[in-house]
Amino acid sequence: MKLEKIATVLRDAHRNGAPFNVKMRIQKLAHLKKVIVRSEPEIVQALKKDLGKSEFETYATEIGFILEEINYMIKNIESWAKVKKVKTPITLFPGKSFIHSEAYGVVLIISPWNYPFQLCLSPFIGAIAAGNKVVLKPSEFAAETSSIIKKIVSEVFTENEVSVIEGGLEETQALLTQKFDYIFFTGSTGVGKIIMKAASEHLTPVTLELGGKSPCLIEESANIDIAAKRVAWGKFLNAGQTCVAPDYVLIPIGMQDVFVQRLKFHITTFYGLNVKTSHDYPRIVNNRHFDRLNDLLIKDKIAVGGELNREENFIGPTVMKNVELSDKVMLDEIFGPILPIIPYDHLEDAIKIIMNFPKPLAFYLFSEKSEKKDYIISKVPFGGGCINDTVIHLANPNLPFGGVGTSGIGSYHGQKSFETFTNYKSVYKQGTLVDIPLRYPPYNEQKLSWIKFFLR
Ligand code: NAD
């Protein structure tokens with residue numbers, strides 16, 4: 001199929017083909033699950049090659065995540081897709097009101113390289129559950145995973161249902177000139193702006209799942225050991241190449257040294273004394289990102305790690321202490337295994353630092369005091385987050401996942417995914433036996449007093 005015509009071909013199929021009813025969607029998703037389960041060894045291999053991911057991480061954060069999402073969709077689509085009756089005000093008597101769910105049509109999904117399987121298929125499952133035709137554009141920087149996604153999807157869906165376009169800038173640009181009914185993009189804030197601009201040409205609605213600096217605030221009552229353990233886990237998972245990884249830590253000045261000590265202990269427990277030989281610790285995606293990250297390091301401030309190997313794209317878990325806001329590492333999203341720690345004197349100073357950055361995708365608070373938790377959570381704007389944990393909030397399908405401001409527009413996961421890819425049609429249904437004359441001209445004093453009686 002010609003790339004330039006792809007949206008048109010799928011739109012024709014959507015308009016003129018057999019309806020993609022709920023039963024068929026469930027069958028397709030069940031089939032997709034079966035093929036994914038059968039392809040597990042190949043997916044594990046692909047992620048090992050692309051990012052050096054361990055089998056455990058691949059299963060927990062990519063394959064298992066997707067299987068859970070499919071199960072959840074299959075279980076719920078029928079009830080979500082039902083026509084819903086809503087209340088009708090007395091003034092609209094004797095009609096009734098309904099909301100119908102309808103697929104948007106042809107959806108374009110563009111995904112990044114860091115969780116290349118999960119971030120491509122998770123929105124895809126939502127788009128299919130809602131009954132759409134889909135063009136999938138996985139990331140060119142995770143080429144092995146991109147190719148296995150194409151293989152799996154092509155086994156389950158026909159060319160007139162789903163098309164997987166592999167490639168980079170040229171292919172994405174060719175796609176973006178076309179008219180889609182919805183665009184779902186996951187990636188950097190900079191490219192997000194390009195996507196939104198292209199979408200505006202056709203007034204195409206978008207979901208933008210973007211990035212930014214997600215802070216971690218440690219309050220003085222925090223359990224410091226648990227905080228260090230969970231921050232180390234969330235930060236060094238996928239070698240820090242996680243959109244919701246804690247980007248930087250704010251900690252009371254007197255607690256900094258103990259925290260660094262506990263971080264060091266947990267990093268060693270997780271990955272051993274020689275992290276390079278650990279099978280559980282991934283690699284940086286490519287040389288470009290390795291160089292970018294290397295450039296953020298300040299030797300004198302490194303308190304843990306700092307080990308590098310460009311040939312292997314290896315950067316060990318690295319902690320920098322006494323970091324200042326003007327340091328390079330604080331200017332942009334880190335997206336790698338470098339954790340800057342900024343000590344603070346007063347809680348309000350720390351909150352001010354967070355609020356001076358754009359609204360983050362994630363926020364993590366460690367505290368043992370209820371009133372502090374309530375106060376801080378209500379004060380700081382963010383997309384999603386955890387109290388006394390990191391990253392794990394996105395594993396709950398009942399919590400919509402998305403950013404706010406420059407970290408994103410819209411959200412998904414679970415029911416929210418179905419809703420994201422659904423156009424809700426509002427219908428007021430009238431009969432013809434009764435026709436109340438009140439609303440029709442000519443108007444008079446009596447009609448006016450009736451309308452004033454009803455609408456007040
Ligand atoms: P990216 O923005 O460079 O690329 C994402 C996708 O956009 C890829 O498929 C790529 O081919 C395409 N693309 C790149 N440049 C383009 C252009 N000029 N025009 C059109 N398409 C283009 O992002 P990335 O490097 O793959 O991923 C890292 C970023 O993604 C980080 O900022 C991270 O925070 C963010 N991210 C966000 C989430 C989330 O759920 N919010 C998840 C993962 C990653």
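## The shell around the ligand

The ligand is surrounded by 26 residues. Ser111, Glu140, Ser188, Leu210 and Glu333 are the closest of them. The model is predicted.

By residue type, the shell splits into 14 nonpolar, 8 polar and 4 charged residues.

## Polar contacts to the backbone

Backbone atoms of Ser111, Gly187 and Glu209 pair with ligand atoms. At Ser111, a polar backbone atom lies 2.7 Å from an oxygen atom of the ligand. At Gly187, a backbone N or O atom is 3.3 Å from a ligand oxygen. At Glu209, the partner is a nitrogen atom of the ligand, 3.4 Å from a polar backbone atom.

The ligand has 840 Å² of accessible area on its own. The protein covers 90% of that area.

## Pocket and domains

Where does the ligand sit? It occupies the largest pocket.

Two domains contribute to the shell, each with at least three residues. Domain 1 spans 3-210 + 406-425, and domain 2 spans 215-401.

## Helices and strand in the shell

Three elements each supply at least two shell residues: helix 7 (169-176), strand 6 (182-186) and helix 8 (189-201). Which element gives the most to the shell? Helix 7 does, with 3 residues.

How values were computed
Residues numbered from 1 in each chain as written. Predicted model: local features only at pLDDT ≥ 70, side-chain atom pairs only at ≥ 80, totals over all residues. Heavy atoms only, no water. Near = heavy atom within 4 Å. Polar contact = N/O pair within 3.5 Å; in protein donor to acceptor, adjacent residues only side chain to side chain. Areas by Shrake-Rupley, 256 points an atom, 1.4 Å probe, with all protein chains shown as cover. 1 Å grid on protein atoms, 1.4 Å probe; cavity = no way out; pocket = protein on both sides within 12 Å on 5 of 7 lines; lining within 4 Å. Sits in = over half its atoms within 2 Å of the grid points. Helix = DSSP H or I, 4+ residues; strand = E, 2+ residues; numbered from the N terminus. Nonpolar A, V, L, I, M, F, W, Y, C, P; charged D, E, K, R; others polar. Domains from an automatic or database assignment.
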